[in-house]
Amino acid sequence: MPIIPKRLSGLLNQWLETSDGLILKYHERNAAITLGLEDRASKIGSEIAKAEKRLQSIDSKAIDLTKTTAKKIGCKPNLL
């Protein structure tokens, strides 16, 4: 079984926490839209955009770390 570097494991945890929060924000925004709370929906929309950017950043860091780790152990990162 491959060993996952601690840093990559940390990124996975960050990604999971952020995605969980994002799902909640989607739900909150849908509820605000349903209730006609346009200002609240707009505010949540900006929070969603920030969370999505954070996920993209975590993804990029994980990809870079995976490539670096693959090179260190002599593997070709062919899934990226």
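This tour moves through a predicted model, from one long-running selection to the contacts and charged pairs around it.

**Helix α2**

Begin by selecting residues 38-73, which form helix α2, a run of 36 residues whose first and last C-alpha atoms lie 52 Å apart, close to the 52 Å expected at 1.5 Å a residue. Moving just past the end of α2, select G74, which follows the helix and has a positive phi, near 80°.

**The buried side of α2**

Next, within α2, highlight A41, I44, I48, A51, L55, I58, A62, L65 and A70, which are buried. If you then add residues 6-34 to the view, you will have α1, which is included in what covers the buried residues of α2.

**The nonpolar core**

Now reduce the selection to L22, I44, I48, A51 and L55, the five residues that make up the largest nonpolar core. Helix α2 supplies the largest share of this core, namely four residues. In soluble globular proteins, nonpolar side chains tend to be buried together.

Centre the view on I48 and display its surroundings: leaving aside residues up to four places away in sequence, I48 touches L22, K25, Y26 and R29. One of these, K25, leads to the next stop.

**The salt bridges**

How many salt bridges does the count come to? It comes to three, and they can be visited in turn.

Select K25 together with E28, whose side chains meet in a salt bridge at 3.8 Å, N to O. Both residues belong to helix α1 and sit three residues apart, about one turn of the helix. K25 counts as partly exposed, at 22% relative accessibility, and E28 likewise counts as partly exposed, at 28%.

Keep K25 and add E47, with which K25 forms a salt bridge whose closest N and O atoms are 2.7 Å apart. Because E47 lies in helix α2 and K25 in helix α1, this pair ties together parts that are 22 residues apart in sequence. With a relative accessible area of 24%, E47 is partly exposed.

Return to E28 and add R40: their side chains meet in a salt bridge of 3.0 Å, N to O. This pair links distant parts of the chain, with E28 in helix α1 and R40 in helix α2, twelve residues apart. R40, at 34% relative accessibility, counts as partly exposed.

To finish, show K25, E28, R40 and E47 at once, since salt bridges that share partners join these residues into one network.

Definitions and conventions:
Residues numbered from 1 in each chain as written. Predicted model: local features only at pLDDT ≥ 70, side-chain atom pairs only at ≥ 80, totals over all residues. Heavy atoms only, no water. Helix = DSSP H or I, 4+ residues; strand = E, 2+ residues; numbered from the N terminus. Expected span 1.5 Å × (residues − 1). Buried < 20%, exposed > 50% of the residue type's maximum accessible area, 1.4 Å probe, protein only. Contact = heavy atoms within 4.5 Å. Core = buried A, V, L, I, M, F, W, Y, C linked by side-chain atoms within 4.5 Å. Salt bridge = Lys/Arg side-chain N within 4 Å of Asp/Glu carboxyl O.
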